[in-house]
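Open the model in your viewer and set it to cartoon. Keep side chains ready to switch on. The tour moves from a sheet to charged pairs.

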Amino acid sequence: MAAPVGSQYRTTLYGGTDVTSSLTQDYQFQFNGLLFGKGTSYGVQNPQAIYGRNTRSVETLRPQDTGAFVQPDYPGSRLVTFSMVVTGSASTMQAKIEAFQTAWQSSTTGDQPLLFRLPTSNTWRLFGRPRKTDVDVRMWSKGVVSITAEFYCADPRMYDNTITTPSTATLPSSGGITFPKVLPITFGAAATSAALTATTSGTVPTPWFAKIAGPVSNPAITNGTDTIRFNGAVASGDYIIVDSMNRDVWYNGNTAASWYSHVSPSSVWWSLPASGSTTVTLLDDGRRTGDPTSTGTLAFQFRSAWL
């Protein structure tokens, strides 16, 4: 069964293969198998908008009055522009240009990661797709070609290249009771939840992915304030992937089996806050009603984000 296109680049919960970093030094970039920047034949002179933000604002002109009504501002999309100088012999230049153009093709498979290193000991990634390229061939005979290339990110956040995976939370199994017992018998409260702690760094809230494995009944996932609830049962051996980035749910990670129709109308989607710890809790109706077969698990992943 197929996962959503490109999902393996944001989380491994769907399965699939992520991109492994080949970066060896600061000011290097990696995309679709191509390494460019410092220490390569593709010298990057000025990566514009690789760091920083663009504000998306909405204003409505005041009718027959001065000024405008201002709505809340949010970060907008990101357009990174690379100015590169490709060096080598005139005889090898064709192969180098073709290698770049092959990597920098228009995307038909969703967003892909652009990896890069700055002098921060961190490897970062942007999610986006190639757009315009312009090749200046006037100095080809001298072994120099200039390339301008654009990379568009609908999601402007810079992410940690490393996925954070807290420990899996497991609903406890039914304990039962052993007889004989001396009266009166005191019963404890039934287990209703399982929790894990998600600790982020970064400067902006970040999306997350969760895998709820059955058997569970009417599960819910909460940060203590906001809750996403589901109406339905997940059988033993099956699971759902909760994708807070796209606000969707997939049964067994299959694009042909969206479980979004099972999301309760009362649900409130939420993100992980920047630089903080969040207790993420799996709730289960089966446990709340004493059903001993509800022993599901919650796996959770995210990448810290910066802007």
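How many bridges join strand β17 to strand β22? Select residues 220–222 and 277–283 in this predicted model. Three bridges link the two strands, which run antiparallel. Now show T222: T281 in β22 stands opposite.

Widen the selection to the whole sheet. It is open, with four strands in the order β14-β22-β17-β18 and antiparallel pairing. Pick 193–199 and 227–229 next. These are β14 and β18, the edge strands; each has a single partner, so one side of each lacks a neighbour in the sheet. From one strand to the next, the twist averages 15°.

Switch on the charged side chains. The structure holds seven salt bridges.

Start with D18 and R125. Their side chains meet at 3.2 Å, N to O. D18 sits in the segment before β1 and R125 in strand β10, so the pair ties together parts 107 residues apart in sequence. Buried or exposed: what is R125? R125 is buried, at 0% relative accessibility. D18 is partly exposed, at 23%.

Go to D26 and R117. The closest N and O atoms of this salt bridge are 3.3 Å apart. D26 also lies in the segment before β1, while R117 belongs to strand β9, so this pair ties together parts 91 residues apart in sequence. D26 is partly exposed at 23%, and R117 is partly exposed at 23%.

Next, select R138 and D136. Their salt bridge spans 2.6 Å, N to O. R138 is exposed at 72%; D136 is partly exposed at 26%.

Finish on R10, D155 and R157. Salt bridges with shared partners join them into one network.

Methods:
Residues are numbered from 1 along each chain as its sequence is written. This is a predicted model: local features need pLDDT of at least 70, side-chain atom pairs count only at pLDDT 80 or more; totals for chains, interfaces and linings use all residues. Side-chain values use heavy atoms; hydrogens and water are left out. Two strands pair if DSSP finds at least two bridges between them. Axes are lines fitted to C-alpha atoms, for helices over the stretch in contact, and angles run from 0 to 180 degrees between N-to-C directions. A salt bridge is a side-chain nitrogen of Lys or Arg within 4 Å of a carboxyl oxygen of Asp or Glu. Buried means under 20% relative accessible area, exposed over 50%, partly exposed in between (1.4 Å probe, protein chains only).
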